[in-house]
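Visitor: I am in my first year and would like to look closely at one part of this protein. Could you take me through a single helix and the surroundings it belongs to, step by step?

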Amino acid sequence: WIAAGTSYANNNLAMIPFYTFYSMFGFQRVADFIWAAGDSRAKGFLMGATAGRTTLNGEGLQHEDGHGLLMAATHPTCLAYDPTYSYELAVIVQNGLERMYEKGEDIFYYITLMNENYTHPEMPNDVEEGIIRGAYLFSKAKKSAKKRVQLMGSGTIFREVLAAAEMLKSDFDIDSDIWSIPGINQLHRDGVEAERYNLTHPEKKPKDPYLTEIMSGHEAPVEISTDHI
């Protein structure tokens, strides 16, 4: 993967490597190689198959990946995502191709893949930017809702978020704004950058993090569910 990911520089031939590893065994077993890839300015996609802690327990704790995204967050040139649906995956890969091979950015991607069969809906309108930046409103509660909560989730657990919304509505008459947050790492980095900018530019208008912007007008208790630390 490193050889193919650095071919653009070493061989003047850009290649697009996809390395699919078994859940947590990527960052756990070959983490030093992943650091070497970043140091070598490698480009490409690391695909963490059967990710999460709830879908593959048959062979014990060694197959429970709850920390892959956390380890990915330590890599400055790694963009990590935990998508649920195929359209999210497609948008992320397309964005990666554009940034790495059209714009020439020295980054690589870590994307989780799931181990369950489930229905994939059509992509909602105007969610591409939200997917890339880390969060978007998947479905909105009715304006007439008297009681509402903000439910957020990603990856395998997002489907449990949808089930929770149904239970809240049927059992307690509570409506939910449901947010898909496939890029928790990106939301964190964006928040850190906004905080840093505001600290170093006290004379300028403060920047709001992306999550603050999109949640304006959604004042209600927020519950985030994830399979990851």
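Guide: What follows is a walk along one helix, α9, and outward from there to the pockets and the strand beside it. Please keep in mind throughout that this is a predicted model.

Let us begin with the helix itself, which runs over residues 184-200. With 17 residues at 1.5 Å a residue, α9 should span 24 Å, and because its end C-alpha atoms are 25 Å apart, the expected span and the one in the model agree. Within α9, the buried residues are Asn185, Gln186, Leu187 and Ala194, where buried means a relative accessible area under 20%. These buried residues pack against α5, β3, α7 and α10, the last of these covering residues 210-214.

The helix also takes part in the two pockets to which we now turn. The largest pocket has a volume of about 200 Å³, and its lining consists of Leu79, Tyr81, Arg99, Ile132, Arg133, Gln186, Arg189, Asp190 and Glu193. Two or more of these lining residues come from each of β3 (78-81), α7 (128-133) and α9, and the largest share, four residues, belongs to α9. If you sort the lining of this pocket by class, you find five charged residues, three nonpolar ones and one polar one.

The second largest pocket holds about 180 Å³ of space, and the residues around it are Leu69, Leu70, Ala73, Ile184, Asn185, His188, Arg189, Thr226, His228 and Ile229. Here α5 (68-72) and α9 each supply at least two residues of the lining, and once again α9 gives the most, with four residues. By class, the lining of this second pocket divides into five nonpolar, four polar and one charged residue. Arg189 deserves a moment of attention, since this residue is listed in the lining of the largest pocket and is listed again in the lining of the second largest.

From the helix we can step across to β3, against which the buried residues of α9 pack. In this strand, Cys78 and Ala80 point one way while Leu79 and Tyr81 point the other way, and all of them are buried. Leu79 and Tyr81 are also among the residues that line the largest pocket. The strand β3 pairs in the parallel sense with β4, residues 108-112, over four bridges, and in this pairing Tyr81 stands opposite Ile111 of β4.

Just before β4 there is one more place to visit, the loop between α6 (86-102) and β4, in which Gly104 lies. Gly104 has a relative accessible area of 41% and is therefore partly exposed. Leaving aside residues up to four places away in sequence, Gly104 touches Lys43 and Arg99, and Arg99 is itself one of the residues lining the largest pocket. Lys43 is 61 residues from Gly104 along the chain, yet the C-alpha atoms of the two are separated by 9.3 Å.

To bring the path back to where it started, α9 contributes four residues to the lining of the largest pocket and four to that of the second largest, while its buried residues pack against α5, β3, α7 and α10.

Terms used
Residues are numbered from 1 along each chain as its sequence is written. This is a predicted model: local features need pLDDT of at least 70, side-chain atom pairs count only at pLDDT 80 or more; totals for chains, interfaces and linings use all residues. Side-chain values use heavy atoms; hydrogens and water are left out. On a 1 Å grid over the protein atoms alone, a cavity is a set of points where a 1.4 Å probe fits but cannot get out, and a pocket is an open set with protein on both sides within 12 Å along at least five of seven lines; lining residues have an atom within 4 Å of a point. Grid points are joined across faces, edges and corners, and a volume is the space filled by probe spheres set on the points. Ala, Val, Leu, Ile, Met, Phe, Trp, Tyr, Cys and Pro count as nonpolar, Asp, Glu, Lys and Arg as charged, and the others, Gly among them, as polar. The expected span of a helix is 1.5 Å times one less than its number of residues. Buried means under 20% relative accessible area, exposed over 50%, partly exposed in between (1.4 Å probe, protein chains only). Contact means heavy atoms within 4.5 Å. Two strands pair if DSSP finds at least two bridges between them.
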